[in-house]
Amino acid sequence: MTQSVAPAEQRSGKGPGEVVLEVRNLTKHFPVGTLFRPKAVKALNDVSFTISRGQVVALVGESGSGKSTTARLISRLMPPTSGEIILRGKNVLKTEPHRPSLSYRKEVQMIFQDPFGSLNPVHTISHHLERPLEIHKMVTDKNLLGRVHELLETVGLTPPDEAARKYPYQMSGGQRQRVAIARALAVEPEIILADEPISMLDVSIRMGVLNLMEQLKEERGIGFLYITHDLASARYIGDRTMVMYTGYLVEAAESRELMEQPAHPYTQMLMAAVPNPEGGLIKKKAEARGEIPSLTDMPPGCPFAARCPKVMDICKRSMPGRTQLSQTSDHWVRCHLYGQGEEKQATTTAQL
Amino acid sequence: MEKGQSYQPVMSQEIAQPQTQVKGQNQIMSQSQNNTAFPVQTKPLLEVKDLRVEYLSPKGPVRAVDGVSFSIAPGEVLGLAGESGSGKSTIAHALLRVLRPPALITGGEVYFKGKDVLSLAEHELEEFRWQDISMVFQSAMNSLNPVMRIGDQIIDVLVKHKKISKREARLRAGELLDIVNIDKNRLDAYPHELSGGMRQRAVIAIALALNPPMMIMDEPTTALDVVVQKEIMQQIEELKEKMGFSILFITHDMSLMVEFSNRIAIMYAGEIVEMAAAREIFENPLHPYTRGLISSFPPLVGPKRKMAGIPGAPPNMAEPPTGCRFHPRCTQCRPVDKVTRPQLQEVLPGHWLAYHEGMPGINRGQAGQAK
């Protein structure tokens with residue numbers, strides 16, 4: 001029943017199971033400007049993707065491209081301007097329009113970037129884990145502490161009774177991020193939105209946190225939205241990678257295919273820019289110059305046109321629609337280079 | 001090297017070192033300036049010996065940098081890699097003598113072109129900073145004055161150090177922006193009117209203003225996106241080739257470091273644990289920490305394989321572990337490592353390692369030049 005919700009081409013061909021979460025045409029415009037000259041920051045435009053059971057979907061892009069906005073909309077910390085969020089076949093923005101229900105909050109959990117800001121400094125670790133268990137009535141009072149210890153053990157904080165008694169300031173960044181993961185796990189969610197979970201951690205402990213996510217994905221079938229600006233870690237953990245630019249998803253494919261055969265000029269540029277010790281410093285003049293367009297007055301056409309080395313006339317006039325490049329890995333791109341041109345999606349975005 | 005005999009520790013920033021040899025050193029230095037065949041053959045531009053920096057705290061001193069020695073040749077890029085808190089930035093600040101209490105340089109020697117940096121008086125420091133070594137800080141946002149126009153900030157440096165008129169300084173400031181690929185008209189822009197990448201370029205322009213023989217770059221691109229990072233790093237590379245300055249390049253990003261540096265020193269808990277040519281560090285890392293650090297950066301190409309990272313967490317520097325400071329996190333730890341501190345030694349030609357006799361993976365036989 002849930003499967004029928006997702007258009008066939010959006011389901012990943014192999015590997016992960018059924019689609020758990022789907023977003024369709026998600027759009028977020030923040031109003032700015034004055035009463036008489038209203039403007040909008042177009043933070044997110046027409047974003048659609050799915051996350052399946054046991055699938056890690058990586059979302060990469062520059063800062064300000066709308067990655068975090070995506071996570072915040074899905075976690076329903078703020079309402080989208082338009083679009084649909086569908087969890088297990090239920091269009092949650094219709095059925096619970098004002099605030100997310102308890103069950104939605106149980107199914108979709110979030111891990112924030114800054115483990116120093118996301119834990120309350122005056123409460124113990126055990127308090128942080130007890131609260132979700134109590135609110136969501138996950139266990140009886142008697143089993144509360146046992147469950148807390150179990151969670152701490154799952155995320156590798158041992159001995160658990162000692163960790164439970166600590167305050168956040170007594171822990172390192174990596175340990176705190178593990179607590180944040182344990183807190184998300186407490187309510188046994190189906191989807192975890194991880195917003196740059198490792199970027200504030202010491203480099204030597206990042207892999208530990210990534211490996212933990214991988215393990216949770218495999219053992220519990222949790223689906224992750226992994227938000228990052230680091231392509232290498234997206235490739236490491238992401239089954240699928242989506243590239244975002246100025247609020248548009250411009251390309252998505254299985255991580256491996258995306259990195260090996262990037263189709264969109266922006267993805268190609270990103271790939272060429274990642275430092276790669278295997279290759280040495282490529283002393284090639286950077287091809288693209290030019291600035292990222294302002295999100296308030298986006299030029300018509302493709303937002304990347306100003307920086308694109310392969311820009312054509314049509315790019316400055318209209319936003320391309322999605323072009324499917326490969327069915328097997330569901331590789332699609334949003335670029336005029338790959339034909340098909342102005343689909344109906346392009347016109348819908350123009351209206352927004 | 002000639003100065004090796006005067007090995008007395010400097011007890012505070014202000015205690016002066018004997019000055020006698022400085023002049024002779026200078027002459028030697030200027031002769032060898034043009035010889036760019038680095039790393040080892042040339043006379044170093046900067047020499048750091050046994051540097052120690054402590055932060056005073058109510059619970060006793062915290063030794064943030066503990067006996068660090070390295071040198072940088074003219075035109076060379078030395079990368080200083082390590083995690084946050086390993087002492088990288090403290091070294092940078094110590095070299096420029098901009099540490100403020102509670103941080104104190106408690107020992108060691110720093111020579112720049114033979115000049116004893118730790119004994120420079122305040123007015124000499126003014127000349128030394130920026131003229132001899134300039135610095136690019138991590139966050140351009142914080143190192144530019146938000147209420148001053150970009151041009152004025154460059155002019156400030158020029159007028160202060162070069163004693164030229166404002167008009168001349170403005171012309172030169174325009175040229176400097178030109179060098180870093182910013183339109184001259186942006187001289188009158190405020191920092192907030194520039195993008196992050198342009199701001200960082202402007203900071204580099206300021207660092208270049210006096211054409212110094214050495215620059216310290218403390219995480220120059222960490223706050224930037226990869227595409228902009230690439231542009232800036234290429235720009236620095238070009239400028240370096242044109243102007244021939246040396247760079248002390250500080251970052252925690254091993255991939256970028258290997259790409260950009262000639263030589264790399266790996267720091268852990270205030271000490272250098274390994275130092276070698278960049279490719280050597282990447283292809284033949286010997287220290288377990290270096291290996292762990294490299295395996296903390298998943299590759300972008302090639303087969304996908306499990307990366308382990310490093311177990312545990314960086315140590316609390318107020319109570320550093322005994323012996324080898326990495327031992328609580330080390331998978332190859334032996335009893336001797338818990339007690340005695342390994343010393344940095346040259347185990348292969350040009351490859352230095354903090355190392356105990358019989359360390360696994362290191363064959364003394366192959367270590368040709370080992371002492």
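**Exercise 1.** In which sense do strand β1 and strand β4 of chain A pair, and over how many bridges? Once you have that, follow β4(A) on to its next partner.

*Solution.* Keep in mind that this is a predicted model.
- Step 1: Start with β1(A), residues 19–33, and β4(A), residues 82–87; they pair in the antiparallel sense over five bridges.
- Step 2: Pin the register with one pair: A:Arg24 has A:Glu84 in β4(A) as its bridge partner.
- Step 3: Now look at β5(A), residues 90–91, which pairs with β4(A) over two bridges, again in the antiparallel sense. Here A:Leu87 is matched with A:Lys90.
- Step 4: Check the connection. β4(A) and β5(A) make a hairpin with two residues between them, and A:Arg88 in the turn has a positive phi of about 45°.

**Exercise 2.** Work out which residues of helix α4 in chain A are buried, and what they pack against.

*Solution.*
- Step 1: Count neighbours along residues 125–135, taking 20 or more other C-beta atoms within 10 Å as the cut-off for buried. That picks out A:Ile125, A:Ser126, A:His128, A:Leu129, A:Glu130, A:Pro132 and A:Leu133.
- Step 2: See what these touch: the buried residues of α4(A) pack against α5 (144–154), α6 (160–165) and α7 (173–186) of chain A.
- Step 3: Step past the helix to A:Lys137, which follows α4(A) and has a positive phi, near 50°.

**Exercise 3.** Describe how the two assigned domains of chain A meet.

*Solution.*
- Step 1: Get the bounds. The domain assignment puts 8–250 in domain 1 and 265–279 + 286–351 in domain 2 of chain A.
- Step 2: Take the centres over C-alpha atoms; for these two domains of chain A they sit 27 Å apart.
- Step 3: List the contact residues: domain 1 of chain A puts in 20 and domain 2 of chain A puts in 21.
- Step 4: Sort the domain 1 side by element. At least two residues each come from β2 (38–52), α9 (231–237), β9 (240–245) and β10 (248–254) of chain A, and β2(A) gives the most, with seven.
- Step 5: Sort that side by class, and you get ten nonpolar, six polar and four charged residues.
- Step 6: Before you trust the ends, glance at confidence. Chain A has a mean pLDDT of 84, with 88% of its residues at 70 or more, but pLDDT stays under 50 over residues 1–15 of chain A and likewise over residues 341–352 of chain A.

**Exercise 4.** Why do β2 and β5 of chain B each have one side without a neighbour in the sheet?

*Solution.*
- Step 1: Write down the strand order of this open, antiparallel sheet of four: β2-β1-β4-β5 in chain B.
- Step 2: Read off the ends. β2(B), residues 62–72, and β5(B), residues 115–116, are at the edges with a single partner strand each, so one side of each lacks a neighbour in the sheet.
- Step 3: Look at the pairing of β2(B) with β1(B), residues 46–55: they run antiparallel and are joined by eight bridges. B:Val53 and B:Val65 are one bridged pair there.
- Step 4: Add the helix. α2(B), residues 88–95, lies across β1, β2 and β4 of chain B, at about 65° to β2(B).

**Exercise 5.** Which elements does chain B use to touch chain A?

*Solution.*
- Step 1: Count both sides: 34 residues of chain B contact 32 of chain A.
- Step 2: Keep the elements of chain B that give two or more residues: α8 (226–243), α9 (254–260) and α11 (288–294). The largest share, seven residues, comes from α8(B).
- Step 3: Split the chain B side by class into 18 nonpolar, nine polar and seven charged residues.

Technical notes. Residues numbered from 1 in each chain as written. Chains lettered and ligands numbered in written order. Predicted model: local features only at pLDDT ≥ 70, side-chain atom pairs only at ≥ 80, totals over all residues. Pairing = 2+ DSSP bridges. Contact = placed C-beta atoms within 7 Å. Axes fitted to C-alpha atoms, helices over the stretch in contact; angles between N-to-C directions. Nonpolar A, V, L, I, M, F, W, Y, C, P; charged D, E, K, R; others polar. pLDDT = per-residue confidence, 0-100. Buried ≥ 20, exposed ≤ 12 C-beta atoms within 10 Å, placed from the backbone. Domains from an automatic or database assignment.
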